[in-house]
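Q: I have a model open and want to talk it through. Can you take me round it?

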Amino acid sequence: SRLLEQIRPRFHRKTWLAFQGQMLDGKPADVVAQELQIPIEAVYVAKSRVLRALRQEAAGLVDC
């Protein structure tokens, strides 16, 4: 949750809400897209961007 708090300011509101809706709230991408009035592709892109940022932020914190 700390990582999420750290990266959240990097994203536009709708990008974060799309990620949150799909990944944290467990809603299907089509439902999130409809709620936010954005294309479904934008939901998948938002998810990808936020997950990439999480991975980058976590790099070095976990030994592989």
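A: A word on terms to begin with: helices here are DSSP runs of H or I with at least four residues, numbered from the N terminus. Read that way along the sequence, the protein chain has the pattern α-α-α-α. Bear in mind that this is a predicted model.

Q: How many strands does the protein chain have?
A: Zero strands, and four helices.

Q: What does the C-alpha trace span?
A: About 40 × 20 × 15 Å along the principal axes of the protein chain.

Q: And how much of the protein chain is buried?
A: Buried residues account for 28% of its 64 residues. The protein chain exposes about 4,700 Å², and carbon and sulfur atoms supply 50% of that area.

Q: What about charges?
A: The protein chain has 10 positive and 7 negative charges, and the mean positions of the two sets are 4 Å apart.

Q: Back to the helices. Which residues of helix 3 are buried?
A: Helix 3 covers residues 29-36, and Ala29, Val32, Ala33 and Leu36 are buried there. Seen down the helix axis, these buried residues fall within an arc of 100°, so they line one face of helix 3.

Q: Why would a spacing like that put residues on one side?
A: An α-helix has 3.6 residues a turn, so residues three or four places apart point the same way.

Q: What do the buried residues of helix 3 pack against?
A: Helix 2 (13-24) and helix 4 (40-58).

Q: Which residues make up the largest nonpolar core?
A: Eight residues: Ala18, Ala29, Val32, Ala33, Leu36, Ile38, Val43 and Ala46. Helix 3 and helix 4 each supply at least two residues of this core. Helix 3 gives the most, with four residues.

Q: Where's the other core?
A: There is a second, separate core of seven residues, and Ile7, Phe11, Trp16 and Val50 are among them.

Q: Pick out alanine 33 for me. What does it touch?
A: Not counting residues up to four places away in sequence, alanine 33 touches Ile38, Pro39, Ile40 and Val43.

Q: Now the end of helix 3. What is the phi of glutamine 37?
A: Just after helix 3, glutamine 37 takes a positive phi of about 55°. That is despite glutamine 37 not being a glycine. Most residues other than glycine have a negative phi.

Q: Is that spot buried or exposed?
A: Glutamine 37 counts as exposed, at 72% relative accessibility. Glutamine 37 lies in the loop between helix 3 and helix 4.

Q: Which residue has a positive phi just after helix 2?
A: Glycine 26, with a phi of about 75°.

Q: Staying with helix 2, which residues are buried?
A: Thr15, Trp16, Ala18, Phe19, Gly21 and Gln22. The buried residues of helix 2 pack against helix 1 (2-7), helix 3 and helix 4.

Q: There's a threonine in that list. What is threonine 15 in contact with?
A: Leaving aside its neighbours within four places in sequence, threonine 15 is in contact with Ala46 and Val50. Threonine 15 has a relative accessible area of 17%, and buried means under 20%, so threonine 15 counts as buried.

Q: And the glutamine, 22? What is glutamine 22 in contact with?
A: Apart from neighbours within four places in sequence, glutamine 22 is in contact with Lys27, Ala29, Val32, Val43, Tyr44 and Lys47. Glutamine 22 is buried, with a relative accessible area of 13%.

Q: How about glutamine 20, where is that?
A: Glutamine 20 is in helix 2 too. At 24% relative accessibility, glutamine 20 counts as partly exposed.

Q: What does glutamine 20 touch?
A: Arg8 and Asp25, not counting residues up to four places away in sequence.

Q: How far is glutamine 20 from isoleucine 40?
A: Their C-alpha atoms are separated by 14 Å, and the two residues are 20 residues apart along the chain.

Q: Last one: what share of contacts joins residues at least 24 apart?
A: Among contacts in the protein chain between residues at least 6 apart in sequence, 51% do.

Key: Residues numbered from 1 in each chain as written. Predicted model: local features only at pLDDT ≥ 70, side-chain atom pairs only at ≥ 80, totals over all residues. Heavy atoms only, no water. Buried < 20%, exposed > 50% of the residue type's maximum accessible area, 1.4 Å probe, protein only. Contact = heavy atoms within 4.5 Å. Areas by Shrake-Rupley, 256 points an atom, 1.4 Å probe, with all protein chains shown as cover. Lys, Arg positive; Asp, Glu negative; His and termini not counted. Charge placed at Lys NZ, Arg CZ, Asp CG, Glu CD. Arc of directions from axis to C-beta. Core = buried A, V, L, I, M, F, W, Y, C linked by side-chain atoms within 4.5 Å.
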